[in-house]
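Dear colleague,

I am handing over the structure we spoke about, with the sequence alongside. My notes on what was found in it follow below.

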Amino acid sequence: MAARRTHGPLADSGDGAGAGRRTAGQPRTRVKPAAAAEEDTAAQARERILAVIRAIPRGQVMGYGQVAAKAGLPGRARLTARVLGMNDDPDLPWHRVLRSDGRIAMPEGSRGWREQNQRLRAEGVVMERGRVKHMPRSSADDLDAAVWGPG
């Protein structure tokens, strides 16, 4: 007697009649593995993040969390950083994405920090003591200010 399947799409129904089995002439149905579905979702998230970064106008900046939120992925600032870290598109305006406090996320004085600082200044972004002088606030910050007042 063959072993009975108890889990998965081909599991026996438990009535002993083998109702969960494919009979001769029935086409096989392919079940998309969970890993492949997760890869699609990750690729979609990556593309949404890159689309938001590409849409940041010249001379303006956004925080990693703001990019994630605008891409429909609130709370995923680290994912934005990871996507930028894997970037191989030389035309992507990666330099327009900063930390939420307006600072460049690389160690100050490093080659990458100097390049990002130079690119931002070339676009007219005002940097003061290593920070963007007027970092845009997120809508959550605006809501807090409206409800609780300044400070």
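The count of salt bridges in this predicted model comes to eight. One of them joins the side chains of D89 and R54, with N to O at 3.4 Å, and this pair links distant parts of the chain, since D89 sits in the loop between helix 3 and strand 2 while R54 belongs to helix 1, 35 residues away. D89 counts as partly exposed at 23% relative accessibility, and R54 likewise counts as partly exposed, at 43%.

A salt bridge is also found between the side chains of R58 and E123, at 3.7 Å from N to O. R58 lies in the loop between helix 1 and strand 1 (62–63) and E123 in the loop between helix 4 (111–122) and strand 3, so the pair ties together parts that are 65 residues apart in sequence. The two partners differ in their surroundings: R58 is exposed, with a relative accessible area of 59%, whereas E123 is buried, its relative accessible area being 14%.

Within helix 4, E115 forms a salt bridge with R119, and their closest N and O atoms are 3.0 Å apart; because these residues are four apart in the helix, about one helical turn separates them. E115 is partly exposed, with a relative accessible area of 29%, and R119 is partly exposed as well, with 30%. Salt bridges also link R99, D101, R103 and R131 in a network.

Two of the residues named above, R119 and E123, recur around H95, which is placed in the loop between helix 3 and strand 2 and counts as buried at 5% relative accessibility. Leaving aside neighbours within four places in sequence, H95 is in contact with Q116, R119, L120 and E123. By contrast, R129, in the loop between strand 3 (127–128) and strand 4 (131–132), counts as exposed at 78% relative accessibility. The C-alpha atoms of R129 and R103 are separated by 9.2 Å, although the two residues are 26 apart along the chain.

Turning to the nonpolar residues, the largest core has 18 members, of which I49, I53, V67, L73, L79, L84 and V97 touch the most other members. Helix 1 (34–54), helix 2 (64–70) and helix 3 each supply at least two residues of this core, and the largest share, five residues, comes from helix 1. Apart from its neighbours within four places in sequence, I49 is in contact with V67, A71, L73, L79, T80 and V83. There is also a second, separate core of nine residues, which includes V61, I104, L120 and M127.

Which residues of helix 3 (residues 77–85) are buried? They are L79, T80, V83 and L84, and because they cover an arc of only 140° around the axis, they fall on the same side of the helix. R78 and G85, on the other side of helix 3, are exposed.

A last word on confidence, which should be kept in mind when reading the above: the mean pLDDT of the chain is 79, with 63% of its residues reaching 70 or more. Confidence is lowest in helix 5 (residues 139–148), where the mean is 52, and highest in strand 2 (residues 97–98), where the mean is 96.

With best wishes

Terms used: Residues numbered from 1 in each chain as written. Predicted model: local features only at pLDDT ≥ 70, side-chain atom pairs only at ≥ 80, totals over all residues. Heavy atoms only, no water. Buried < 20%, exposed > 50% of the residue type's maximum accessible area, 1.4 Å probe, protein only. Arc of directions from axis to C-beta. pLDDT = per-residue confidence, 0-100. Core = buried A, V, L, I, M, F, W, Y, C linked by side-chain atoms within 4.5 Å. Contact = heavy atoms within 4.5 Å. Salt bridge = Lys/Arg side-chain N within 4 Å of Asp/Glu carboxyl O.
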